[in-house]
Amino acid sequence: MKLSTNAAVLLADGGPAGVPACAGMDPDIFHPSYASEPGNRPTQAEREALAVCAGCPVRDWCLERDLEECPTTYQVVGVRGGMRQADRRALHVQRYGVQAPRRAGAGR
């Protein structure tokens, strides 16, 4: 079974209670070939991925894990945690700047 990165980690290593909504889905849905830009409306592909995330019981965990695991904004790609790439990059910059400070356990 193909899993998104966060779904695979959650199912293998544990985490918050709940099965991710993306479990069992093709992870490619979360990597639209054309991502929207900041300030633009989400693309149709992004809206489809966001709809999956909307009812996910582990959405907040997924978003936080993704932000913590991405040391630079260039590694923030696709839809994760109910946010599209452009919005997560902006949140990453708000929290860490373009490059996050090195954190213990990052890159595992």
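Of the 108 residues in the chain, 34% count as buried. The model is a predicted one, and its secondary structure is quick to sum up: four helices and zero strands, which gives the pattern α-α-α-α when read along the sequence. The accessible surface adds up to about 6300 Å², with 53% of that belonging to carbon and sulfur atoms. As for how the chain folds back on itself, take the contacts between residues at least 6 apart in sequence: 53% of these join residues at least 24 apart.

On to the interior. The largest nonpolar core has six residues, namely Cys22, Phe30, Ala49, Val52, Cys53 and Val79. Phe30 makes a handy viewpoint here. With neighbours within four places in sequence set aside, Phe30 touches Cys22, Ala49, Val52, Cys53 and Val79, and its contacts also include Met25, Gly78 and Arg80.

Three of those core residues, Ala49, Val52 and Cys53, turn up again in helix α2. This helix covers residues 44-54, and Glu46 joins Ala49, Val52 and Cys53 on its list of buried residues. Looking down the axis of α2, the buried residues fall within an arc of 120 degrees, so they line one face of the helix. That fits the usual geometry: an α-helix has 3.6 residues a turn, so residues three or four places apart point the same way. On the face turned away from the buried side, α2 carries the exposed residues Ala51 and Ala54. The partner for the buried residues of α2 is α3, against which they pack.

Helix α3 (59-69) is also what the buried residues of α4 pack against. Helix α4 runs over residues 85-96, twelve residues in all, and spans 16 Å from its first C-alpha to its last, close to the 16 Å expected at 1.5 Å a residue. Its buried residues are a mixed bag: Gln85, Ala86, Arg88, Leu91 and His92. Just after α4 comes Gly97, with a positive phi of about 85 degrees.

The loop between α3 and α4 deserves a quick look too, since that is where Thr72 sits. Thr72 has a relative accessibility of 19%, and because the cut-off for buried is under 20%, it counts as buried. Leaving out neighbours within four places in sequence, Thr72 is in contact with His92, Val98 and Gln99. Of these partners, His92 is one of the buried residues of α4.

Conventions. Residues numbered from 1 in each chain as written. Predicted model: local features only at pLDDT ≥ 70, side-chain atom pairs only at ≥ 80, totals over all residues. Heavy atoms only, no water. Core = buried A, V, L, I, M, F, W, Y, C linked by side-chain atoms within 4.5 Å. Buried < 20%, exposed > 50% of the residue type's maximum accessible area, 1.4 Å probe, protein only. Contact = heavy atoms within 4.5 Å. Helix = DSSP H or I, 4+ residues; strand = E, 2+ residues; numbered from the N terminus. Expected span 1.5 Å × (residues − 1). Areas by Shrake-Rupley, 256 points an atom, 1.4 Å probe, with all protein chains shown as cover. Arc of directions from axis to C-beta.
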